[in-house]
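Trainee: Could you take me through one part of this model at close range, and then show me how the empty spaces and a few single residues fit around that part? I would like one connected account rather than a list.

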Amino acid sequence: MTCAEATRSFAPVRAVWRELLERLPWSTIFMTPEWQEAWWDEFGRDDELRLVTVGSADAPLGVAPLQLNGGRITFVGGTDLFDYHDFIAPDPAFYFELFDCLESEPWREMDLSSVPEWSPTFTLLPQAARERGYSVLVEEEDVVPGVTLPESWDGYLAGLRKKDRHELRRKLRRLESMGPARVRLADSATLERDLALFREVMAESREEKSEFLSPEREAFFRRVTGRMHEMGHLRLFILEIGDDPAAAAVLSFDYAGRRLLYNSGYRHAYDHLAAGLMLKALCIKDAIESGLAYFDLLRGPEHYKYHLGAVDGRIHRIVVTR
């Protein structure tokens with residue numbers, strides 16, 4: 001067993017972290033060092049950062065992005081801003097050496113949230129923990145609905161339930177009949193203004209979204225969207241109707257062949273047009289035309305996701321007691 005020393009900074013592990021991400025059969029934008037560092041810089045005041053490289057420096061098995069607080073060790077980041085968590089571990093041997101690498105850390109409980117059922121972590125971490133005599137609890141945490149994308153928009157429509165297909169077509173026709181309506185994508189020249197519009201319509205659409213936008217979360221949004229735009233992952237869609245510069249907005253990210261619908265908002269003046277739902281459908285259309293393989297609607301069982309043809313995946317919480 002070999003371990004590189006746990007670091008208290010992202011800088012020493014960024015390069016190996018990125019290299020390991022490229023070797024994973026599945027990854028998500030929440031697992032990038034850029035996303036996690038943006039979160040840590042804004043919220044990581046009360047915990048101790050533990051970025052553990054398992055394996056030798058010249059042959060790493062994986063990276064464990066962890067934080068420690070009072071004997072409890074968790075993934076970096078909270079479930080309010082991360083829809084998935086995981087280890088950066090393409091080699092299965094990682095899981096059986098991880099606990100040796102954490103032996104000297106003062107943890108009593110490892111509480112890992114948002115682990116997808118298709119990740120090796122879901123099966124291999126409990127197995128490795130039980131082999132060491134630790135207690136393990138695994139429980140379903142939430143659903144993460146998504147759509148496997150066909151090659152064409154017509155193929156997508158054909159895969160919807162008959163009622164949903166009829167309703168979507170009817171609402172799209174109504175939107176088109178209301179006069180000038182167009183969808184545009186934020187670019188470098190409009191990004192700052194469009195992010196302000198996004199926050200405005202997000203806050204208007206639901207009271208809980210308005211309450212969600214605390215100053216700290218707004219600062220995180222500015223930080224992470226700017227970084228993701230620089231990296232080419234940000235897709236901020238704006239629906240303009242008539243003279244309104246933002247009847248609805250969708251904040252999404254393209255990463256590893258998937259589009260992730262991270263958050264959205266709409267103005268209630270356009271409830272009769274279902275502007276928010278129509279923009280999401282048009283984002284799916286754009287994802288298909290962009291050659292993406294999957295449209296991830298992320299955490300939560302909201303009804304509209306199933307009207308758009310989503311099928312549930314599941315994420316789990318894994319608790320290991322030492």
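Mentor: What follows looks at one helix, then at the spaces in the structure, and then at two further residues. Please keep in mind throughout that this is a predicted model.

The part I would choose is helix H9, which covers residues 215-231. With 17 residues at 1.5 Å a residue, helix H9 should span 24 Å, and because its end C-alpha atoms are 24 Å apart, the expected and computed values agree. Just after H9, Gly232 takes a positive phi of about 85°.

Along the helix, the buried residues are Ala219, Phe220, Phe221, Val224, Thr225 and Met228. The cover over these buried residues of H9 includes helices as well as strands: helix H2 (33-43), helix H7 (191-205) and helix H8 (207-212) are among the elements that provide it, together with strand E8 (234-241), strand E9 (244-255) and strand E10 (258-266).

Thr225 deserves a closer look, since this residue of helix H9 has a relative accessibility of 1% and therefore counts as buried, the cut-off being under 20%. The side chain of Thr225 reaches the backbone oxygen of Arg222 at 3.4 Å. If neighbours within four places in sequence are left aside, Thr225 is in contact with Leu195, Leu234, Leu251 and Phe253.

Thr225 also leads us to the empty space inside the model. Rolling a probe the size of a water molecule over the atoms shows where empty space is left. A search of the whole structure finds 1 cavity of 30 Å³ or more, and the largest cavity has a volume of about 40 Å³. The residues that line the largest cavity are Leu195, Phe198, Arg199, Phe221, Arg222, Thr225 and Leu251. The elements that give two or more residues to this lining are H7 and H9. Sorted by class, the lining of the largest cavity has 4 nonpolar, 1 polar and 2 charged residues.

The largest pocket can be described in the same manner, and about 720 Å³ of space lies in it. Its lining is made of 29 residues, of which Arg206, Lys209, Asn263, Ser264 and Glu302 are the closest to the centre of the pocket. At least two residues of the pocket lining come from each of H7, H8, E10, helix H10 (275-289) and helix H11 (303-307), and E10 gives the most, with 6 residues. By class, the lining of the largest pocket has 13 nonpolar, 6 polar and 10 charged residues.

Two further residues, both in strands, complete the account. Asp296 has its place in strand E11 (residues 294-296) and is buried, with a relative accessible area of 1%. The side chain of Asp296 reaches the backbone nitrogen of Leu298 at 2.8 Å. Not counting residues up to four places away in sequence, Asp296 touches Tyr84, Pro145, Gly146, Arg258, Arg259, Leu260 and Leu261. The C-alpha atoms of Asp296 and Leu21 are separated by 19 Å, while the two residues are 275 residues apart along the chain.

Ser113, in turn, lies in strand E4 (residues 109-116), and with a relative accessible area of 17% this residue is buried too, because the limit is under 20%. Its contacts, once neighbours within four places in sequence are left aside, are with Phe75, Thr79, His85, Glu141, His316 and Arg317.

Note on methods: Residues are numbered from 1 along each chain as its sequence is written. This is a predicted model: local features need pLDDT of at least 70, side-chain atom pairs count only at pLDDT 80 or more; totals for chains, interfaces and linings use all residues. Side-chain values use heavy atoms; hydrogens and water are left out. Helices (H or I, at least four residues) and strands (E, at least two) are DSSP runs, numbered from the N terminus. The expected span of a helix is 1.5 Å times one less than its number of residues. Buried means under 20% relative accessible area, exposed over 50%, partly exposed in between (1.4 Å probe, protein chains only). Contact means heavy atoms within 4.5 Å. On a 1 Å grid over the protein atoms alone, a cavity is a set of points where a 1.4 Å probe fits but cannot get out, and a pocket is an open set with protein on both sides within 12 Å along at least five of seven lines; lining residues have an atom within 4 Å of a point. Grid points are joined across faces, edges and corners, and a volume is the space filled by probe spheres set on the points. Ala, Val, Leu, Ile, Met, Phe, Trp, Tyr, Cys and Pro count as nonpolar, Asp, Glu, Lys and Arg as charged, and the others, Gly among them, as polar. A polar contact is a pair of N or O atoms within 3.5 Å; within protein, one must be able to donate a hydrogen and the other to accept it, and residues adjacent in sequence count only if both atoms are side-chain atoms.
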